[in-house]
Amino acid sequence: MKIILCDLSHKRDGRFSSEYIPYPIGCIKSYFCANFEADIDFSVELIKDPEELSSQIEQLSKDAQPLIFGFSCYMWNHNLSMSYASAIKKLFPDSLIVFGGPDFPLEIEEKRLWLQERPCIDLFIEGEGEKPFLSAVEVFCASGFKVLKEDLARIPSIFSILDDNTLAHSSDLAKDGFIKSARIENLDATPSPYLMGYLDKFLIEGNLVPLMESNRGCPFTCTFCVDGNAARSKVFKVHPNRLGEELYYIAARYKGSTLALADTNFGMYREDFEFCKMLAACRKETGYPQYINTSTGKNQKERIIACAELVEGAMRVAASVQTLDPIILKNIKRSNISSDQLVAMSERLSGGISNTYAELILGLPGDSEATHISSVSDCVDAGYNQIRMHTLTLLNGSVMGTIEDRERWGFQTKHRGLQRCFGTYKLFNNTMNVIETEEVVVSQRSMPFSDYLNCRLYNLTIAVFYNEEVLRELIVFLKGKNLKPSDWLNFVWKNILKTSGPIKDIFCRFLELTERELYSDPSDIVTKFSVDDSFRGDVFQGKVGYNLLLDTQGEILISHFDDLIDVTCILLQDFLKEVGSKVSPNEIAEINQIGRFISLKRRNIFNVSEEYVEEFNSALLYRISSAPSKVDERSTPFLVRFYFQERIAEFISDQARIYGTTKEGIGKIIARSPIKDFQRQVEVIEG
Ligand code: SF4
């Protein structure tokens, strides 16, 4: 019996759009191999690369029997998995095709329609896949390798569409009225797929990032999230000792610098602190991981800060508030930390060793231009060095994606190509052109479409003029004058289109593309990509199918950094005049010096060997550049050297290898990595 478990990712120029090692299918293999007791020879393959799947299928003989294919189904690989599954069902009609993952509607009738539209899927597993997958294979074997859907659908968490288009399942309902899917309470009982060696080929591959999980589940109930349902509310944990073993196993084999943790609330639990001690020790002994990507928790801020301090800034601490408006928070059933705690946490971290960011969603129920800008402004003034701003996406599997919630809030939605999730794949002589899409909320009762566009322009302003402390020295300058950074950014937002030059042109193009990327029907995008060469060319050239916000930010950082500095210096003088400050010639000179200083720190960041030495005479810059013990109020000229530290140069090169340095590659790096650190060290060498 041959089992092929696929967690496919789109791939372009040798790089995966979803760059994580496929740990979830590794867990399914581990559980299966440890618990399958039938006297049948079997093999289990794990596949992430569509080209590898094509090659495996092409090598299977026509009468290969029995065959089982499992596909993960996420927003970023749904159509890709479907394309292969349909082809497989035609080639091997007796094979068992299993889907699982979060991209599946919550309501029973919607599940039925979803499966009816996808007849090649024999069964869908909702929630954690390990137990139901094992049971499904046991039933398949017991029936003499026949796909008996009614029998399969007696297994809890499994859904199947029968010939008469009825939906077969036997799952109970949880307290929120949605399906109570099967959970694994003792996660340690499943052998670690890392320690079993099942993920070695991905570790060695080098272009993927190791993914670990220290627990599963989330106690919160955010309605926009697939983890906010009652079925997922209990949290089950992996023992820190096992995590430690996995960590050292990875460190011994993996050449990259980043580790990703799949946890939804890392740092919130006592065990996370124990694991962070191991992370700190491993970093000291092996140098790995240099950076940890994770989603930090909503409560227990003291413990999260302690965790971040243990790993010495390797982990970015998030204030994933989504909004600070109390009415919207109530609408989405989310409890946040208070604004006061938000400021306290930022103050505690920003002076220290950790990177911080706040996360906000535009277009939540009850949101408006005023509430969105107020939330972003509060996070900026609280001192978070990056504000991640997302457009509300309606996800299958979330309460907000249900018909009832859509009607309740009056959502108007559109569809757009999903960032980097497209590709052309060959199977035998057939070419499959596949693109993924997402559904975004572009207006609702409290936010007309014109406000959505204004907010997107505002978000680009924050990304380009504030995020990652890109203009940090200017913010220090403003604070020295008791001016709020958020007021400056609002000024930039309102005036950027009145300027001239490349930055204004890029902002105008961003607005135009923000409208042009939206489609009423997802199948328009999917069909066009499949049959229209010119549209596909646009996608491959980056005109469609990218994260516009991050890619535009990336384009400016990489190709127009000095233009950004020029327009910033002009706008800053206008801003000072507007708030009533007198702008003396000395002050203009200082603003220009600060601009030049920032430019030398940040320009050409992928050229890590490029160094500069230049003379300055600004007292503020002297203070910023000098060691605290040397600070005085001098204004005589001094020389500053700008260079990349070895550790940072290595990290930049590592990120460039994983994501590439095209504008979309940079966009992905911005989304994943602390690019606040992508800057030259400054050192006063004379003065
Ligand atoms: S958004 Fe975060 S806190 Fe809210 S339900 Fe999802 S995982 Fe949990």
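Here is a walk through this structure, from the whole chain down to a few single residues. Keep in mind as you look around that this is a predicted model.

Let's start with the big picture. The protein chain has 26 helices and 22 strands. Its radius of gyration is 26 Å, close to the 26 Å that the globule rule gives for 687 residues, so the chain is as compact as a globular protein of that length. Along its principal axes, the C-alpha trace spans about 85 × 55 × 50 Å. Buried residues make up 48% of the 687 residues. If you look at contacts with a separation of 6 or more, 78% of them are between residues 24 or more positions apart.

Now for the sheets. One open sheet has seven strands, in the order β4-β1-β5-β6-β7-β8-β9, with mixed pairing. At its edges sit β4 (43-47) and β9, each of which pairs on one side only. Helix α2 (residues 50-59) packs on this sheet, where it touches β1 (2-6) and β4, and its direction makes about 145° with that of β4. Over at the β9 edge, strand β8 (residues 158-161) pairs with β9 in the antiparallel sense over two bridges. To find the spot, look for I161, which stands opposite L167 in β9.

Another open sheet has three strands, in the order β10-β13-β14, and here the pairing is parallel. Its edge strands are β10 (211-212) and β14 (291-293), each pairing on one side only. Two bridges join β10 to strand β13 (residues 258-261), and M212 stands opposite L261 in β13.

Follow the chain past β9 and you come to L187, in the loop between β9 (167-168) and α7 (200-205). Is L187 buried or exposed? L187 has 20 other C-beta atoms within 10 Å, so it counts as buried. Leaving out residues up to four places away in sequence, L187 touches R216, F236, K237 and V238. L187 and H239 are 52 residues apart in sequence, yet their C-alpha atoms are 8.3 Å apart in space.

Next, the ligand. Which residues surround the ligand? They are C218, F220, C222, C225, D227, G228, T264 and K298. This shell divides into four nonpolar, two polar and two charged residues.

A few backbone details are worth a stop too. Two cis peptide bonds can be pointed out, and both lead into a proline. One runs from Q65 to P66, with omega near -25°, and P66 lies in the loop between α2 and β5 (67-72). The other runs from Y288 to P289, with omega near -5°. You'll find P289 in the loop between α9 (270-286) and β14, the edge strand of the parallel sheet you met above.

Last come two residues with a positive phi, although neither is a glycine. F145 has a phi of about 65° and sits in the loop between α5 (130-142) and α6 (149-152). F145 has 16 other C-beta atoms within 10 Å, so it is partly exposed. For N604, phi is about 45°, and its place is in the loop between α23 (585-602) and β20 (612-616). With 14 other C-beta atoms within 10 Å, N604 is partly exposed as well.

How values were computed
Residues are numbered from 1 along each chain as its sequence is written. This is a predicted model: local features need pLDDT of at least 70, side-chain atom pairs count only at pLDDT 80 or more; totals for chains, interfaces and linings use all residues. A residue is near a molecule or strand if its C-beta atom, placed from the backbone, lies within 6 Å of it. Ala, Val, Leu, Ile, Met, Phe, Trp, Tyr, Cys and Pro count as nonpolar, Asp, Glu, Lys and Arg as charged, and the others, Gly among them, as polar. Helices (H or I, at least four residues) and strands (E, at least two) are DSSP runs, numbered from the N terminus. A residue is buried if 20 or more other C-beta atoms lie within 10 Å of its own, exposed if 12 or fewer, and partly exposed in between; C-beta atoms are placed from the backbone. Two residues are in contact if their C-beta atoms, placed from the backbone, lie within 7 Å. The radius of gyration is taken over C-alpha atoms; the globule rule is 2.2 Å times the number of residues to the power 0.38. Two strands pair if DSSP finds at least two bridges between them. Axes are lines fitted to C-alpha atoms, for helices over the stretch in contact, and angles run from 0 to 180 degrees between N-to-C directions.
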